[in-house]
Amino acid sequence: MQKKQLTISVLVSGRKDTTEKCLDSLKNLRGQLDCELILVDTGCDEKLRQVVERYTDQVIDFTWCDDFAKARNCALEKANGEWFLYLDDDEWFEDTEPIVSFLQSEESREYDQAVYKARNYSNKQGTKYTDEWVSRMIRLQPDTRFVGKVHEYLSPARGKCRQIDAYVHHYGYAFQNAADKEKHFRRNEPLVLEMIAQEPGNMQWRTQLVQEYASVKDAQKLRGAAEEALQMIAREDQFSANQCRGAFYSAVIISYFLEENYKEAYTQAAAFLEDGRNSTQCRCSLLNYAAESAFKIAEYHMAEQYAMQYMELYTKLREQPETDEQKKIISDSIIFVKDAISEDVYHKNLLYWTVCMIRQEKSAEIGPEQTEQVQQYIDVLLQGNGDFLRMPEQVWEIGRARVVDLEEMLLQLDFSQWIAAVTVVASGTTPAELKRMEKQIRGIQTKENIRYSYYRMRFADILVLVEEEGQAGYVDLRNHFAAFASTTLEFYQQIYRPEAFEGEMEMLPDHCRAAVWAQRMLDCGGQEWEEMLRCLRKCARAYPQLGEIVKKFADLIGKEQEQAAEEAQAASEELQAMVLQVKPKIMVMLEHGMTAEAYQVVQQLRQMLPDHPEVEKLDILVRSKLM
């Protein structure tokens with residue numbers, strides 16, 4: 001049988017929400033290359049099976065036995081392609097054209113492996129992710145096989161490795177909740193431990209084990225697994241052992257980060273950096289952790305030094321042409337170490353370094369090159385998906401110190417970006433986070449601008465809404481309504497004429513009309529409870545989103561009214577008791593001719609109890625004595 005250019009293999013396990021996306025993303029590959037698609041069914045129901053059979057007639061039934069390599073090898077045994085590519089049914093390509101171009105080029109003859117990127121999302125909204133190079137393409141050889149019950153990989157991997165600028169969307173780690181993440185871990189942990197038991201000296205499995213413990217933030221097991229592995233390779237000085245050592249060093253430090261024991265993390269990072277066997281990638285990882293932990297414990301001088309060393313080493317590494325050996329390191333996905341060699345980590349260290357200089361009052365030593373880099377990085381953050389209000393705290397501190405004119409950069413953003421930013425923040429933000437963002441904005445603000453007005457108006461709006469789930473009392477909610485009303489009116493009074501705020505206010509947006517009624521409620525004097533409730537009802541009708549919080553505040557007003565009535569009743573009873581106590585004293589004063597003094601006491605009683613009959617009688621009696 002004549003060989004195909006490419007065999008594509010996918011495990012289909014029953015994921016109804018992503019399987020078709022995955023298979024549809026392969027259409028361009030299948031349309032432009034001489035290739036075959038082999039699907040391995042590990043758990044599809046009848047309906048999904050009918051769907052996948054529309055894509056290919058090569059569907060292999062596989063009874064799941066907790067062994068990913070066995071499932072993959074079923075397809076590999078039937079593969080008739082010169083090249084082999086595999087993926088899962090929870091990932092799909094954004095664009096396969098780079099892969100097509102590579103396989104159609106003469107250049108492909110020079111390579112035996114290829115890597116592309118997996119964009120691993122950590123939330124279902126797709127706003128948080130990391131990119132990593134994954135080794136998923138190989139030129140098939142007679143001895144090519146998958147290895148590993150979990151975290152399986154192709155072996156042996158020989159020859160030159162080509163990086164292809166393509167990526168898959170992968171939501172496999174975007175767990176709905178902690179229980180789902182724990183379930184995923186519980187599936188993987190025993191399989192990795194079983195592989196370690198079978199091959200105790202295989203450091204690949206031990207790196208996977210520490211990755212599993214890191215994923216569920218189990219600091220004790222993470223540190224224990226990493227230290228056990230380090231003991232096993234303590235005397236070795238070979239390339240593979242040194243690469244793994246970097247992963248285990250990093251895992252130990254991460255375990256202390258998880259426990260927020262930054263002092264020990266710093267101590268360990270500094271000690272590990274003394275190991276002369278460290279690879280360049282490992283040294284980058286350790287310098288990154290050393291800088292961050294030193295910053296956390298306010299050792300700004302050392303944090304400055306480590307961050308600078310990291311940036312210099314990173315720059316040197318990036319300036320050198322990548323060798324096949326370095327590409328192999330990337331494709332092997334040595335955890336933690338690999339992640340330290342990224343632009344994100346570089347910029348994090350740049351921010352740490354800059355803030356360290358500021359806190360040490362050495363801002364003058366921040367050169368134009370670093371300033372420009374910081375400004376460029378902030379500019380990238382500002383041009384993102386509207387999430388710039390959640391920029392790292394270090395960015396805001398740099399802005400407050402005027403190393404970079406952050407305020408000017410913010411005010412140059414389109415007004416639509418401010419709207420988007422507040423919309424993003426409104427989703428799942430706690431009151432404490434909102435207040436911290438408010439403090440950050442005020443920390444860099446030196447001028448008035450409609451963007452600030454909008455921001456304050458919408459944040460007060462959001463704060464009122466999120467407080468409905470809190471324990472806010474009457475005074476707290478009254479203050480929230482006051483902030484909502486004042487900031488909303490501040491914003492809209494710049495846009496609408498005064499007459500728009502009168503009558504039915506039909507021209508005003510819903511939440512602006514609600515703010516007018518909220519302000520009128522707040523303007524009620526004394527104990528005008530009924531008028532307050534009337535205005536509050538108007539507020540809720542204008543802006544139904546406030547319904548629940550209005551109901552809560554109305555209940556609190558009712559309680560305040562009841563308390564006021566109870567206090568008034570108690571005061572009245574107390575005053576009446578006082579009349580009965582004072583009356584005999586007034587009579588004694590009259591018997592001793594102290595009429596003027598008695599008159600003064602009675603007048604005081606009349607002011608407190610003007611309609612009290614007993615006080616009225618005393619007043620008549622005293623006046624008769626004065627005549």
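The structure holds zero disulfides, a disulfide being counted where a pair of cysteine sulfur atoms lies within 2.5 Å. This is a predicted model, in which local features need pLDDT of at least 70 and side-chain atom pairs count only at pLDDT 80 or more, while totals for chains, interfaces and linings use all residues. Residues are numbered from 1 along each chain as its sequence is written, and side-chain values use heavy atoms, with hydrogens and water left out.

Two cysteines illustrate the absence of such bonds. The sulfur of C284 is 9.4 Å from the closest cysteine sulfur, that of C282, which is too far for a bond, and C284 counts as buried because its relative accessibility is 0% (buried means under 20% relative accessible area, exposed over 50% and partly exposed in between, with a 1.4 Å probe and protein chains only). For C356, the closest cysteine sulfur belongs to C284 and is 18 Å away, again too far for a bond, and C356 is likewise buried at 0% relative accessibility.

Further along the chain, the helices (DSSP runs of H or I with at least four residues, numbered from the N terminus) include α23, residues 529-542, whose 14 residues reach 20 Å from first C-alpha to last, close to the 20 Å expected at 1.5 Å a residue, where the expected span is 1.5 Å times one less than the number of residues. Its buried residues include W529, C535 and C539.

Helices α25 (residues 595-608) and α26 (residues 613-626) have axes that come within 10 Å and cross at roughly 155 degrees, the axes being lines fitted to C-alpha atoms over the stretch in contact, with angles running from 0 to 180 degrees between N-to-C directions. The two helices are therefore roughly antiparallel, a description used for angles over 145 degrees.

Technical notes
Angles under 35 degrees count as roughly parallel, over 145 as roughly antiparallel, 65 to 115 as roughly perpendicular and the rest as oblique.
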